[in-house]
Amino acid sequence: MTSSTMKNTCDILITNSKGVVIPEIGIIQTNILIENGKIKSLQRSIDNIQASQTISADDKYVLPGVIDPHVHYGVYRPIEEAAKTESTSASVGGVTTMMRILRMTGSYRDIEKQLVASRGNHYVDYSIHASILHPSQIQDIPYLAEKIGINSFKVYMNLGGELNRIYVDLEPGSDEPLDSEVNVDDELLTSIMMSATRNNSLTMVHAEDPLMCAEYMRAIKSKHRNLSSLKTWSRCRPALSESRSITKAASFARQFNSELYFVHIGSAQALETILQQRGRGAGKGSLYIETCPHYLTHSTDFNSILGKVVPPIRSKSDLYHLWSALRHGQIDTIGTDHVANRLSMKVGNGDIWSALAGFPGLATMIPVLLSNGVNKHRITLERVAEVTSYNTSRIFGLYPRKGTIQPGSDADIVIVDLALKKKVSSQLLKSYSDYTIYDGWELEGWPVLTMVRGIVVMENGEVEKSTLGHGKFIRRPTTCHK
Ligand SMILES: [Zn+2]
């Protein structure tokens with residue numbers, strides 16, 4: 001055999017796309033060769049390529065697999081059950097890596113139980129952030145960073161005073177809801193930041209002031225007992241409280257050279273405060289901003305307690321402000337803050353006070369960004385890949401294994417059809433949740449194929465059941481981030 005007839009072989013060839021979105025490079029015409037679950041090479045021509053399997057992208061766009069950095073599952077059902085349904089929903093939404101925000105009350109030395117129960121139950125890859133709820137857990141940070149591969153720690157500045165209770169993740173094998181009293185004072189906040197920084201890790205901040213929220217809530221509740229609108233909820237937890245906590249956290253970050261990642265930023269005021277703080281410099285570190293799809297689609301005009309979330313959904317003007325920040329590169333990532341709860345739990349007694357905060361959102365992130373973003377010319381497809389994959393992978397230490405389509409990276413890929421219209425229903429999304437805040441919305445732009453490390457886990461909205469257990473725990477190295 002002469003060299004001119006030598007074939008370039010691979011396991012899978014993805015061809016015939018409208019374009020492959022490669023972060024920092026752009027949308028290019030290329031074929032993707034995959035071998036052993038990794039990208040082998042990108043080739044313009046398919047002459048001389050011999051593939052065991054060929055996937056035609058049918059003139060649709062190919063994006064790097066989506067990473068959702070903010071998912072709650074394992075709180076209302078044990079992780080071994082929740083992982084099956086929520087990773088199914090992830091695959092429907094083109095999400096190839098879901099990052100769980102784990103909340104444990106005891107020592108994280110017991111995390112092995114959670115890891116064992118997670119194993120074999122995911123369709124897509126997953127990774128974990130550890131919430132530090134109590135001072136005794138600070139000593140677990142070096143252990144988690146070095147031994148487990150967890151390099152991000154969440155602090156809940158919103159917990160304290162009267163508002164100090166939070167549901168934590170269930171023990172595997174149990175479905176008895178578990179809550180814990182959490183009081184985050186400046187001492188706990190700064191110890192988490194210092195320890196995370198020493199361990200080359202990121203601090204994720206839920207920025208709200210519980211004392212201010214409690215005060216507003218008390219005043220509003222005494223006057224308007226029966227109000228149940230999202231406007232009321234938004235007034236109870238004012239953006240000013242977010243802004244104050246952000247300013248405080250950012251000043252500590254400058255002091256300790258810490259990197260902070262602000263989760264679920266949904267108000268213009270919170271966003272502007274972070275941008276101002278960025279302008280002041282943050283020591284060595286950076287201040288990252290995550291927003292959530294629901295802040296881009298819903299305002300307080302959505303008159304339903306289903307929209308109760310913390311921080312609250314804000315006004316229409318906040319919503320437009322966020323789109324503009326997303327377009328201009330001020331927002332780093334999109335996380336869904338997905339909560340896998342059910343309608344019966346969600347509504348409580350039917351009023352805004354007793355309803356549960358949080359709702360599902362894992363499977364609708366990409367459809368929302370394509371439908372309301374790309375197809376409405378608010379953001380480009382390249383920007384979608386940045387905020388849902390590339391930036392996320394870099395911030396959380398997954399790059400270049402994930403977050404791009406380049407030789408050597410995991411073959412995590414999503415093919416999207418920008419013209420496909422589907423009417424949203426909870427059945428379509430395949431989560432444990434039996435409702436969605438997008439119920440009845442016709443979204444245009446959906447994932448049609450989700451591949452995780454070379455294995456197709458979802459095609460045309462249907463999940464390949466035989467791939468359950470393919471998803472694996474991704475340990476993250478403790479390196480510096482961007
Ligand atoms: Zn959350």
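**Exercise 1.** In this predicted model, determine how strand β8 and β18 pair, and over how many bridges.

*Solution.* Start with β8, which spans residues 66-72. Its pairing with β18 is parallel and rests on two bridges. For a residue-level check, take His72: the residue opposite is Val339, in β18.

**Exercise 2.** Place β8 and β18 in the order of their sheet, and name the edge strands.

*Solution.* The sheet is open, has nine strands and shows parallel pairing. Its order reads β17-β16-β15-β14-β11-β10-β9-β8-β18, which puts β8 between β9 and β18. The edges are β17 (333-334) and β18 (338-339), each of which pairs on one side only. Next, look for a helix on this sheet. Helix α1 (residues 79-92) packs there and touches β8 and β9 (95-103). The direction of α1 makes about 140° with that of β9.

**Exercise 3.** Describe the contact between domain 1 and domain 2, and find which element gives the largest share of the domain 1 side.

*Solution.* First set the bounds: the domain assignment gives 3-61 + 443-467 for domain 1 and 66-397 + 421-429 for domain 2. The C-alpha centres of the two domains are 32 Å apart. Then count the residues in contact, taking C-beta atoms within 7 Å as the cut-off: 17 residues of domain 1 meet 25 residues of domain 2. On the domain 1 side, the elements that give two or more residues are β3 (26-28), β20 (442-452) and β21 (455-459). Strand β20 gives the largest share, seven residues. Finally, sort this side by class: eleven residues are nonpolar, five polar and one charged.

Terms used:
Residues numbered from 1 in each chain as written. Predicted model: local features only at pLDDT ≥ 70, side-chain atom pairs only at ≥ 80, totals over all residues. Pairing = 2+ DSSP bridges. Helix = DSSP H or I, 4+ residues; strand = E, 2+ residues; numbered from the N terminus. Contact = placed C-beta atoms within 7 Å. Axes fitted to C-alpha atoms, helices over the stretch in contact; angles between N-to-C directions. Domains from an automatic or database assignment. Nonpolar A, V, L, I, M, F, W, Y, C, P; charged D, E, K, R; others polar.
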